[in-house]
Amino acid sequence: MTPTADNRVWIFDTTLRDGEQALRASLSKKQKIQLADAISRLGVDVMELGFPASSPGDFSAVAEIAQTIKGPVMCGLARAIPDDIRACGEALKGAERARIHTFIASSPLHLQYKLRKSLQQATEQAEASIRLARQYTDDVEFSCEDAGRTPIDDLCYMVERAIAAGATTINIPDTVGYTVPTEFAHIITALKERVNNIDQARLSVHCHNDLGLAVANSLAAIEAGARQVECTVNGIGERAGNCALEEIAMILNTRADTLPWHTGIQGHEIYRTSQVVSQVCNMPIQANKAIVGSNAFAHSSGIHQDGVLKAQNTYEIMRPESIGMRANCFNLTSRSGKHVIKHRLHELGYRDQDYDLNEVYSSFLELADKKGQVFDYDLEALVFAQSLQAQD
Ligand code: KIV
Ligand code: ZN
């Protein structure tokens, strides 16, 4: 599909804010700078650096990153209260391009129990905050927290007023990961149809992963007209996390044959950034995590290994190199076939005449049945043992 400007989806990375918020221990300024540097090289459009009003340490980290990292729009989060907005505006002063992201809840549950306010009062507070934020920057994002559980009439009301007050991006969070894709897409469609001034703002989504649907919901929202997706590297974030940046980017990249939308993400930076985020945040990546898990490009069964050796795309829909990973790998287990053993020995420098493949393979199977996984040094020992036998 040919990329067009209309089909360009902005990637708003919130690893340093929503992601960091979910860690057992918050990050130091130095760690945040290290992550910001890696994430900016990914080619994200906006980076949410933190929540400046939350602590002096976060204010200072946001201020330093905003001043030093160039490229993406630098964004800070602020509740819809004047002190938060001012702190955010001050922290972002040194940025080339600054965005203030302010939010207030819109769902009946949050309004009644958390804020003890009516929808109208919350909307008025949002309007005042957006106007104040516009005194610092003309790039203001507004989020209706818990939009996923907000009646559509209430959501349309708040969104229309937020845009009229000066919000240039409207973000629709599925704060508790409650919606399913068809439902979330309907919310976006309804906003596009019913909010009179909707074209004056970029429509964004922010999906949590409580039911494992964050990526699916984000994709459904893009299909319905959202043009910014908020996400985090490795999907880290509150509770079960956020939409995973690498997944949404690689879906659009890999399925460009049928999906017309595209991002500015530099695929070859994905693996490196994922590793840095995992290490710095002390958040291991599950082995079977899509795109970046250690098993994502590993092949175990003999049938699969044989297929990949014959033509990589038999069992790989993406190349490991496309995310900056050096190569795929073959797990050597009793499910592996002769073909992959020969291939591995060749990679280790053995020539066909150095060993008898049938014999090495049968001792490999014996060992694999006992050990579970066979490593390169085991294979070498088998070849060595066989050569000793041949000399006797
Ligand atoms: O999940 C959420 O609703 C948020 C907002 C602050 C955007 O993180
Ligand atoms: Zn969130």
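**View 1. The surroundings of ligand 1 in this predicted model.** Welcome to the first close-up, where ligand 1 is ringed by Asp-18, Phe-103, Ser-143, Glu-145, Asn-171, Pro-173, Thr-175, His-206 and His-208. By type, this shell holds 2 nonpolar, 5 polar and 2 charged residues. If you trace the strands, S5 (140-145) and S6 (169-174) each contribute at least two residues to the shell around ligand 1. Remember as you look that the whole model is a prediction.

**View 2. The positions that UniProt annotates as a binding site.** Which residues carry the "binding site" feature in the unreviewed UniProt entry? The record lists Asp-18, His-206, His-208 and Asn-242. These positions are spread over 225 residues of sequence, yet they cluster in space, with a largest C-alpha distance of 10.3 Å. Asp-18, His-206 and His-208 also appear among the residues around ligand 1. To find His-206, look in strand S7, which covers residues 202-207.

**View 3. The annotated domain.** The unreviewed UniProt entry assigns residues 9-271 to the feature "domain: Pyruvate carboxyltransferase". Within residues 9-271, helix makes up 44% of the chain and strand 17%. The end C-alpha atoms of this stretch lie 21 Å apart.

**View 4. The contact of helix H12 with helix H13.** Here we turn to H12 (residues 302-310) and H13 (residues 338-347), whose axes come within 8 Å and cross at roughly 55°. This angle is why H12 counts as oblique to H13. On the H12 side, the contact involves Gly-302, Gln-305, Asp-306 and Leu-309. Their partners in H13 are His-339, Val-340 and His-343. Sorted by type, the residues of this contact comprise 2 nonpolar, 4 polar and 1 charged.

**View 5. Helix H14 and the glycine that follows.** How many residues does helix H14 have, and what span should they give? H14 runs over residues 357-371 and has 15 residues, which should span 21 Å at 1.5 Å a residue. In the model, the end C-alpha atoms of H14 are 20 Å apart, so the two values agree. Just after H14 comes Gly-372, with a positive phi near 90°.

Note on methods
Residues numbered from 1 in each chain as written. Chains lettered and ligands numbered in written order. Predicted model: local features only at pLDDT ≥ 70, side-chain atom pairs only at ≥ 80, totals over all residues. Axes fitted to C-alpha atoms, helices over the stretch in contact; angles between N-to-C directions. Helix = DSSP H or I, 4+ residues; strand = E, 2+ residues; numbered from the N terminus. Parallel < 35°, antiparallel > 145°, perpendicular 65-115°, else oblique. Contact = placed C-beta atoms within 7 Å. Nonpolar A, V, L, I, M, F, W, Y, C, P; charged D, E, K, R; others polar. Expected span 1.5 Å × (residues − 1). UniProt positions renumbered as here; feature names shortened; annotations may be inferred. Near = placed C-beta within 6 Å.
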